[in-house]
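Trainee: I'm new to this one. Could you walk me through how to read it?

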Amino acid sequence: MRGQKQVAFNTAQAAIWSVDAAVKAASQGTFGVGGVLLGPHKEVIAISCNRVIADGKVADPTAHGERQVVDWYFEQKAQGTELPKPEDCTIVSSLDPCMMCAGSILTGGFNVVSTTLDTRAGVNYTTDGTYTTVPAQLQDQAKEHFAYVGIEGGRPYQGPEHLNQGSTISEADEKRSIDTFLASLGKVQEVIHSGPSAPVADLKDCKDPQVLGALKKYYPQALEMKFAPGQPDSKLAKPLLEAANDAQNRGASYNAGALIDPHGNLVMLRAGKEERSPIRTPFMELTRAWAKVRAEAGPEGEKYLAPLKDCTLVTLQGPGQDAPSVMEMGAYGSSVEGPLPEHEHPAWQYVLPRQSQAAVDQQIANLPPLYSQVIKPEIQQVSDGALVHLCTHNEH
């Protein structure tokens, strides 16, 4: 991510720059996706590319180009940098945003113009601009702020007219974009899914100082609490509520997320930092921290630190119909990046519902095929009544 002093002649030129960033990302061994943040006069504010993989390891499963642009913008604002309003900025992306990035963009209030459609994981996978992948209350917002460049001799421009500013590229440029992404896809997924296939050993038996050091660095209270695998109980109420209350006092959301490994150990807990950026929600903070633990634990870490897909995620608040919830559902998919293994208990559990279980299930069913048909997340309320009772009667 870096600030720029270039000015794009039109949106098409910025689209080509986004593809150049995608090519750079692919050359570094990560997903071939890039983005350019334009101001109201087409001045380039920043250029970003995917950084999920670094040095052959998963560095940050949420480091997609668009999500990084949104976080960078709000971090700059928090530091006092003068920037145009989000609604006056346009993210020009090389690929239709995934659900995580779409939720990030909707939360931040930006416009986005995409170069290439994505019929597997894109927010507009139906290609018709209906955006049925997001809750009904967000669909008009998506129609007003999301657009797709036209292809010479191919598809027409799609989106609101206020974003149609020279938004046509050549067939060759579009082909370069999609070819770059598809060529990187298999390679990156191979890295993500590499590692031992055998179940991880219990961290309680680990003596390796590098593994334990990485774990305690990011969550000093790790391993101090244990549950029956996949079954969080009332003991989890205190740390969840303490984290949520602290977040609320800082100006962040009243929410927190915990990660329980396959042996029932509490290994990570995070609240959000929305006071810094509206998209730094609990799950976004948690999945990034867990990726850092696994990256820094060394070779021995593979024996003891399970990938997120094998763990149980517990959030204080359940998903709602808002844009941050869309982002978190998408980010969960980006973190597991493939079919979830069979779990005896739901892999994502929440304590306090924000909508009916039927509505949550329908929200999942409306997601693009990668999420609804391949990953198939199960998001359900915890079964422990005492945990629900404690958190309900302490709710702020």
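**Starting from one serine**

Mentor: Sure, and keep in mind that this is a predicted model. Let's begin with S177: its relative accessibility is 2%, and buried means under 20%, so S177 counts as buried.

Trainee: Where in the secondary structure is the place of S177?

Mentor: Look at helix α5, which covers residues 171-192; S177 is in there.

Trainee: And which residues does S177 touch, leaving aside those up to four places away in sequence?

Mentor: Those would be V19, S94, T115 and T116.

Trainee: Let's zoom out. How many helices and strands does the chain have?

Mentor: The chain comes to 13 helices and 15 strands. Its radius of gyration is 21 Å, close to the 21 Å from the globule rule for 396 residues, so the chain is as compact as a globular protein of that length. Along the principal axes, the C-alpha trace spans about 60 × 45 × 40 Å.

Trainee: What share of the residues counts as buried?

Mentor: For the chain's 396 residues, that's 57%.

Trainee: How do I read the contacts along the sequence?

Mentor: Take the contacts between residues at least 6 apart in sequence: 66% of them join residues at least 24 apart.

Trainee: What about the outside: how much area does the chain expose?

Mentor: About 15,900 Å², with carbon and sulfur atoms supplying 50% of it.

Trainee: And how many positive and negative side chains are there?

Mentor: You'll find 34 positive and 46 negative ones, and the centres of the two sets lie 6 Å apart.

Conventions
Residues numbered from 1 in each chain as written. Predicted model: local features only at pLDDT ≥ 70, side-chain atom pairs only at ≥ 80, totals over all residues. Heavy atoms only, no water. Helix = DSSP H or I, 4+ residues; strand = E, 2+ residues; numbered from the N terminus. Rg over C-alpha atoms; globule rule 2.2 N^0.38 Å. Buried < 20%, exposed > 50% of the residue type's maximum accessible area, 1.4 Å probe, protein only. Contact = heavy atoms within 4.5 Å. Areas by Shrake-Rupley, 256 points an atom, 1.4 Å probe, with all protein chains shown as cover. Lys, Arg positive; Asp, Glu negative; His and termini not counted. Charge placed at Lys NZ, Arg CZ, Asp CG, Glu CD.
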